[in-house]
Amino acid sequence: MKAAARAAIAAGLTAYILWRSHPREVLAAMAGADWRLIAIAVALVLVDRALMAYRWLLLLCIIDPADRPPLAEVMRIFFVSTFVGTFLPASIGGDAVRAYSMTRLNVRGGDAVASVFMDRMLGVASILVMAAVGLLLARDLAGNRTIVLSLAVAAAACVATLAVIFSDGAARFAGVAIGMLPARLHGFADGLLASIRRYSAYHRQLANVLLGSLAVQTLRIMQAYFLGRGLGIPPPLATYFAFVPVILLVMLLPVTFNGIGTSQAAFVWFFGRVGVASPSAFALSVLFVALGVVGNLPGGILYATGERNRRNIHR
């Protein structure tokens, strides 16, 4: 039922924004694109996927090397999860697949979930840093309560996570909160808390992951910039640094699939503030989402070959 509701929201929101943007004008904007600049954006998305994989590898530091799955298996899980996550609710679908797949390789559930959770939280933290830069570049956005509230909620989640890792008092409070959960969840929640707490001994790895996450967000801003230039959208690079991090936070909301619908609304709204016509902004949003799908295609190939190999084994 939830999946159907998300699909309906994605379809309805996209159709409405497309109708408001005039479909013929959107197609005209895409038909006139400079595909050489689009190709640069495609190359950048391949780099950001490699950085994302490296980031997660660093976060597996809490797993004893003797218990760590082979590198090839870990990489396969990462790329397959990015592909599967394309068809699941933004921000949580691929993460769940990744954590579950790790447990099937005899990694403790708490460690598997903790690595994916920290990957997500440090990714959000990097978006917040870039969004703060964006607010300095576009000060009028700081007066928008919805944007400020969204950033505040995300910041609170990041601060709470850091507190649990490095503060004994926060960890005790988290333990009390776990005690309020249904009894059947206590064992897993306690294990997850213990796994997250172990990151307190890995300052260098956490710093490297945060730096890698900032690099990923910078690459995504550059991807949007080259897509925009390819479409002939005139605003300078600073505009993309101001808008794209906040748009990425909007796309993380688990209300649709892969940010479809929410991304279209966000791109049209934000870029409309600097005079970009709706058809061009809508075309940019479609290409930006499509770029993410292109980046996930290697995982699709690995998924297909893995399924074929398993069928051959069972014959």
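**Notes on an all-helix model**

1. Let's start with one residue: Ala 157 is partly exposed, with a relative accessible area of 34%. For the wording, buried means under 20% relative accessible area, exposed means over 50%, and partly exposed is in between, using a 1.4 Å probe and protein chains only. Ala 157 sits in helix 7, which covers residues 145–166. Its C-alpha atom is 25 Å from that of Phe 267, and the two residues are 110 apart along the chain.

2. A quick word on what you're looking at. This is a predicted model, where local features need pLDDT of at least 70 and side-chain atom pairs count only at pLDDT 80 or more, while totals for chains, interfaces and linings use all residues. Residues are numbered from 1 along each chain as its sequence is written, and side-chain values use heavy atoms, with hydrogens and water left out.

3. Now the overall picture. You'll find 13 helices and zero strands in this protein. Both are DSSP runs numbered from the N terminus: helices are H or I with at least four residues, strands are E with at least two. The C-alpha atoms fill a box of roughly 55 × 55 × 40 Å along the principal axes. The radius of gyration is 20 Å, which agrees with the value near 20 Å for a compact globule of 315 residues. That radius is taken over C-alpha atoms, and the globule rule is 2.2 Å times the number of residues to the power 0.38.

4. How much of the protein is buried? Of its 315 residues, 47% are. The accessible surface is about 15500 Å², and 68% of that belongs to carbon and sulfur atoms. These areas come from the Shrake-Rupley method with a 1.4 Å probe; for residues, only the protein chains shown count as cover.

5. Helix 12 is worth a look. Eight of its eleven residues are buried, so this helix is largely enclosed by the rest of the structure. Among the buried ones are Phe 267, Phe 270 and Phe 271, along with Thr 262 and Ser 263.

6. Just before helix 12 (262–272), Val 255 lies in the loop that follows helix 11 (237–252). Val 255 is partly exposed, at 35% relative accessible area. Together with Ile 9 and Leu 253, Val 255 makes a nonpolar surface patch of about 230 Å². Patch residues have over 30% relative accessible area and no salt bridge; like charges are joined within 9 Å, and nonpolar side chains (Val, Leu, Ile, Met, Phe, Trp, Tyr) within 5 Å. A salt bridge is a side-chain nitrogen of Lys or Arg within 4 Å of a carboxyl oxygen of Asp or Glu.

7. Which residues does Pro 279 touch? Leaving aside neighbours within four places in sequence, Pro 279 is in contact with Ser 21, Glu 25, Val 26 and Ala 29, where contact means heavy atoms within 4.5 Å. Pro 279 is in helix 13 (residues 278–314) and counts as buried, at 9% relative accessibility. From His 22, Pro 279 is 257 residues away in sequence, yet 6.5 Å away C-alpha to C-alpha. Across the protein, among contacts between residues at least 6 apart in sequence, 76% join residues at least 24 apart.

8. Last, the cysteines. A disulfide is a covalent bond between the sulfur atoms of two cysteines, counted here when the sulfurs are within 2.5 Å. The whole structure has zero disulfides. Why does Cys 61 not bond? Its sulfur is 18 Å from the closest cysteine sulfur, in Cys 158, which is too far. Cys 61 is buried at 12% relative accessibility, and Cys 158 is buried at 9%.
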